[in-house]
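I keep these entries as a record of what I looked up. The structure comes first, then my notes.

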There are 2 protein chains.
Amino acid sequence: MNSAPEISRLSLNQITTNNWSLKEAVEGCVRAGLEWIGIWRHKIEPLEESVRIVKDSGLGVSGLCRGGMFPAATAEERRRRIEDNLHAIDEAAALGTDVLVLVNGPAPDRDITGARSMVADGIASIIPHARERGVKLAIEPLHPMFAAERSVICTLREANRLAERLGSPDVGIIVDVYHVWWDADLYEEVEKASGRILGFHVSDWIVPTPDLLMGRGMMGDGVIEIRKIRQAVERAGYRGPIEVEIFNQEIWDAPGDEVLARMKDAYLAHV
Amino acid sequence: MNSAPEISRLSLNQITTNNWSLKEAVEGCVRAGLEWIGIWRHKIEPLEESVRIVKDSGLGVSGLCRGGMFPAATAEERRRRIEDNLHAIDEAAALGTDVLVLVNGPAPDRDITGARSMVADGIASIIPHARERGVKLAIEPLHPMFAAERSVICTLREANRLAERLGSPDVGIIVDVYHVWWDADLYEEVEKASGRILGFHVSDWIVPTPDLLMGRGMMGDGVIEIRKIRQAVERAGYRGPIEVEIFNQEIWDAPGDEVLARMKDAYLAHV
């Protein structure tokens with residue numbers, strides 16, 4: 001029960017090696033013997049070439065980051081964002097992943113409740129296209145410190161409620177330890193998420209926290225009970241890839257191959 | 001329904017004018033025509049003189065910050081912290097306030113669940129002394145971004161559950177908009193807190209957030225729906241003082257009288 005997860009489940013979320021292009025990240029994963037990569041949309045232009053690079057590598061794609069950002073001040077802008085999400089679904093399908101991660105966006109004004117309705121409406125409107133393309137929509141609750149700038153969906157409890165309300169087999173959630181570790185309802189909500197967990201992301205919460213966005217640490221360098229959370233996620237039925245997603249300038253500045261080596265060790269020791 | 005609260009409820013939490021001594025803050029409040037002040041323990045030495053300054057001023061004391069910090073690695077250290085809390089209760093009573101704010105502390109290790117039990121045990125053990133001295137214990141849930149360094153109690157939901165579990169009329173909660181504004185369960189939990197709200201603190205969440213600790217703004221400068229939350233708190237029965245509590249170097253560096261003038265205007269316009 002206290003053993004490491006299979007190394008075959010380890011996935012590099014490519015933001016962890018942000019200085020690498022997609023091609024470099026794919027080659028780095030292959031060199032390191034990884035079987036999965038998580039891809040960011042701002043790294044995939046031109047798409048056809050990226051698709052070829054990924055397919056040729058034999059790597060699986062654990063998810064595409066990110067759709068979402070639904071709330072906006074005007075109907076026209078909300079419509080534009082829906083279109084962008086439809087495009088993201090197509091990109092996910094082209095890259096061969098069935099998981100589109102949704103970072104749902106902040107409120108355009110002070111009305112956070114209204115923004116949450118815009119998120120629900122936005123996701124509802126893209127479900128048919130996602131189903132058609134075989135892509136699942138993964139609601140990722142972000143840490144509440146991102147509520148004003150990145151996501152009005154802040155907890156697993158809220159993400160579960162939203163998924164239940166949408167009531168679609170094409171909608172699930174992402175559990176990222178960095179965003180949810182502090183939550184007294186964490187284990188109850190992970191259990192409630194049984195059957196709809198589409199991804200598990202790991203990193204660590206460093207003390208003291210150097211920065212809101214860029215302050216994530218390598219697993220084991222902080223205070224998160226990562227293994228305990230991973231085991232809860234497995235009890236809830238998730239056995240898919242585990243993405244390492246770290247925003248940290250020091251890690252970004254380190255040579256990618258070294259980061260992947262550290263990441264493998266930390267995964268085996270702490271995830 | 002959309003009107004400002006009575007100016008007679010406005011209280012200066014003295015951290016907002018952190019460069020002022022207690023004497024300067026009390027005199028500043030009197031000059032500004034305020035009727036309340038919220039006091040910090042690191043500002044009250046020597047206690048007898050502070051008690052005299054406050055009593056002579058005629059100001060009411062809306063609360064004393066802070067007790068808490070219960071979790072610790074050893075039984076000896078936990079015992080020492082209980083003693084410090086008993087001392088804080090005495091100080092609150094001496095200063096003439098019936099509210100001791102509890103910032104409950106982080107885990108001494110990675111076990112956040114265990115730390116939460118230490119908090120419950122800690123509060124339970126100081127209730128008899130608080131009752132004897134006529135001081136109520138006010139659990140303040142802090143924003144989840146402080147979970148690793150200041151408080152394992154991160155939400156109103158958790159604070160309400162803890163208060164219910166303790167089941168004492170001497171234990172209540174503080175609602176601070178900065179810590180709880182993002183929460184989808186906010187209004188439900190404020191309603192559940194009916195009868196046990198012991199304080200209401202205001203400031204604002206600035207975008208972009210400049211700093212985890214020192215990034216609070218003046219009311220109206222950020223995205224929090226302060227008035228809506230204040231009205232919910234009133235529906236839940238709280239009609240006591242409203243403390244302005246701002247950690248922000250720029251505000252700390254401004255002349256105190258100017259800060260109080262800005263604070264009064266912002267209170268009338270946005271609280």
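I began with the contact between the chains: 20 residues of chain B are in contact with 20 residues of chain A. Two residues count as in contact if their C-beta atoms, placed from the backbone, lie within 7 Å. On the side of chain B that touches chain A, I found 12 nonpolar, 3 polar and 5 charged residues. Here Ala, Val, Leu, Ile, Met, Phe, Trp, Tyr, Cys and Pro count as nonpolar, Asp, Glu, Lys and Arg as charged, and the others, Gly among them, as polar.

I noted that this is a predicted model, in which local features need pLDDT of at least 70, side-chain atom pairs count only at pLDDT 80 or more, and totals for chains, interfaces and linings use all residues. Residues are numbered from 1 along each chain as its sequence is written, while chains are lettered from A and ligands numbered from 1 in the order in which they are written.

Next I looked up how the copies are related. A turn of 180° and a shift of 0.0 Å along the axis lay chain B on chain A with an RMSD of 0.0 Å (least squares on the C-alpha atoms of residues with pLDDT of at least 70 in both). That is the relation of a two-fold axis. The copies meet through the same surface, because 100% of the interface residues of chain B are also interface residues in chain A.

Last, I looked at the barrel. In chain B, 8 strands close into it in the order β1-β2-β3-β4-β5-β6-β7-β10, with parallel pairing. Strands are DSSP runs (E, at least two residues), numbered from the N terminus, and two of them pair if DSSP finds at least two bridges between them.

Terms used:
Helices (H or I, at least four residues) and strands (E, at least two) are DSSP runs, numbered from the N terminus.
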